[in-house]
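Welcome, and thanks for having the viewer open. Let's take a walk through this chain, one selection at a time.

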Amino acid sequence: MKSILSAWREKLRAMPSSRLCAISFCLNFLTIFAAGYVTYAGSSVATALEFAVPLTIILVCHESGHFFFGRRAMIRTDYPLFVPLPLPPIGTMGAIMRFSGPIPNRRALFDMAVAGPIGGLIPSLIALAVGLSLSKFSAQGPENGGALLDAPLILQGIATLFLGEGNGAPFIILHPTAIAGWVGLLLTALNLLPIGQLDGGHVAYAFLGRKRARILSVVVLIAMCALAAYAHYWGWYVFALVIACCGAMRHPRCADDDRLPLDAPRKVLVLATLFYLCVGSFARPLVVVEPNPFVWQFLATREEPMLVAPFSHYMIESDAKNETQRASSAQESD
């Protein structure tokens, strides 16, 4: 078995990165489409495509920003490798890009790093605008349950702009294209965290230098675990574990760390990334709620409208019991 795995590993290493990119792209699109088909579409191919196509465009724009600005900054990188995830409700873990040559200086690293989030954020906002215009307010929760989606400040502003106040309706039932835009905002926020080889880690290295960026990475990782404990959201533990175990904390050194420090326009972009983290960060990104009318009636008592990704059929129980217990406790206290 070990020899078979070793042979496959050698074949993959020998394969051109462009071919690996094409294969991973196709697999990634299929898993995104399957996730949309199973989770939101109700066996409708067209509805699944309304989720899969915009999310794929967001990922491609993000990685294209890295690739082309990296080449422009004389950074040799392989073609992006998309990471399919054959599980609902998203179907992808984004993409990774490996350095195949030295990084000339911190300014080149910064240009490559910041181009990805900017490239992905623009189609994310477009998908949100289109999707929210097709979404609707509802006084009742979805029949088959759904996921409550966290709404950072930037998303609250966009929702108010395109949907208005909703006449007191407690739920915003999102169109699949809006869900794809929400995923794009989530991936952008996660990538901008100043940790290791995430985009935010590259920005921190370019701005602060290698040693201080490494210290900041550890501090942010600890803060993430603290947030997980405070918000009772195990997903942050998983994300921190993946970052720590996949070698993403180790950042390659620039060939010349002291040459070409960031100029004023780039420092303004650093402040812009910090601002986006303030207005675009998520505390509890996604909470699954079962198709229980009692639970949704309890949730409807909240003051602010909630974003809901409706499921096409009842699928997952993970967080449903917690919501049911909270609702039961609230009723008993009344």
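Is Met74 buried or exposed? Select Met74 and switch on a surface to find out. Met74 is exposed, with a relative accessible area of 65%. Please keep in mind along the way that this is a predicted model.

**Stop 1: the loop after H3**

Stay with Met74 for a moment. Met74 lies in the loop between H3 and E1. Its phi is near 65°, a positive value in a residue other than glycine.

Now select Thr77, which is found in the loop between H3 and E1 as well. Here the picture turns around: Thr77 is buried, with a relative accessible area of 3%. What surrounds it? Leaving aside its neighbours within four places in sequence, Thr77 is in contact with Phe67, Arg71, Met97, Arg98, Phe99, Ser100 and Met112. Showing those side chains as sticks gives you the surroundings of Thr77.

**Stop 2: a cis peptide bond**

Move along to Pro88 and Pro89. A cis peptide bond joins these two prolines, with omega at about 5°. As for where to look, Pro89 is found in the loop between strand E1 (81-84) and strand E2 (92-96).

**Stop 3: a second positive phi**

Jump ahead to His232. You will find His232 in the loop between helix H8 (210-231) and helix H9 (235-245). Phi of His232 is near 55°, and this is again a positive value in a residue other than glycine. His232 is exposed, with a relative accessible area of 61%.

**Stop 4: the whole chain**

Zoom out and colour by secondary structure. The chain comes to 12 helices and 9 strands. Of its 334 residues, 47% count as buried. If you draw a contact map, consider the contacts with a separation of 6 or more: residues 24 or more positions apart account for 80% of them.

**Stop 5: the sheet**

Next, show the strands as a cartoon and pick out E4, E6, E9, E5 and E8. These 5 strands form an open sheet in the order E4-E6-E9-E5-E8, and the pairing is mixed. Which strands stand at the edges? They are strand E4 (136-138) and strand E8 (286-289), each with a single partner strand, so one side of each is left without a neighbour in the sheet. Look along the sheet and you can follow its turn: neighbouring strands are turned by 35° against each other on average, direction ignored.

Now go through some of the pairs:

- Select strand E6 (residues 171-173) and strand E9 (residues 306-310), which pair in the parallel sense over 3 bridges. To anchor the view, centre on Phe171, whose bridge partner in E9 is Met306.
- Keep E9 and add E5: this pair is antiparallel, over 4 bridges. Here Gly146 has Pro310 in E9 as its bridge partner.
- Finish with strand E5 (residues 146-149) and E8, which run antiparallel and are joined by 4 bridges. Centre on Ala147 to see Val288 in E8 standing opposite.

While the side chains are on, one general point helps: in a regular strand the side chains alternate between the two faces of the sheet.

**Stop 6: H3 against H6**

Hide the sheet and select helix H3 (residues 45-72) together with helix H6 (residues 176-191). Their axes come within 8 Å and cross at roughly 25°. As angles under 35 degrees count as roughly parallel, H3 and H6 are therefore roughly parallel to each other. The crossing of H3 and H6 is right-handed.

To see the contact, show Thr47, Glu50, Phe51, Pro54, Leu55, Ile58, Leu59 and His62 in H3; they meet Pro176, Thr177, Ile179, Ala180, Gly181, Val183, Gly184, Leu187 and Asn191 in H6. Colour the contact by class and you get 10 nonpolar, 6 polar and 1 charged residues.

**Stop 7: H4 against H10**

For the last stop, select helix H4 (residues 106-133) and helix H10 (residues 264-280). The axes of H4 and H10 come within 11 Å and cross at roughly 40°. That makes H4 oblique to H10. H4 passes H10 in a left-handed crossing.

Which residues make the contact? On the H4 side they are Arg107, Phe110, Asp111, Val114 and Leu121, and on the H10 side Arg266, Leu269, Val270, Thr273 and Tyr276. By class, the residues of the contact of H4 with H10 divide into 6 nonpolar, 1 polar and 3 charged.

Terms used:
Residues numbered from 1 in each chain as written. Predicted model: local features only at pLDDT ≥ 70, side-chain atom pairs only at ≥ 80, totals over all residues. Heavy atoms only, no water. Pairing = 2+ DSSP bridges. Helix = DSSP H or I, 4+ residues; strand = E, 2+ residues; numbered from the N terminus. Axes fitted to C-alpha atoms, helices over the stretch in contact; angles between N-to-C directions. Parallel < 35°, antiparallel > 145°, perpendicular 65-115°, else oblique. Left-handed = near helix turned anticlockwise from the far one by under 90°. Contact = heavy atoms within 4.5 Å. Nonpolar A, V, L, I, M, F, W, Y, C, P; charged D, E, K, R; others polar. Buried < 20%, exposed > 50% of the residue type's maximum accessible area, 1.4 Å probe, protein only.
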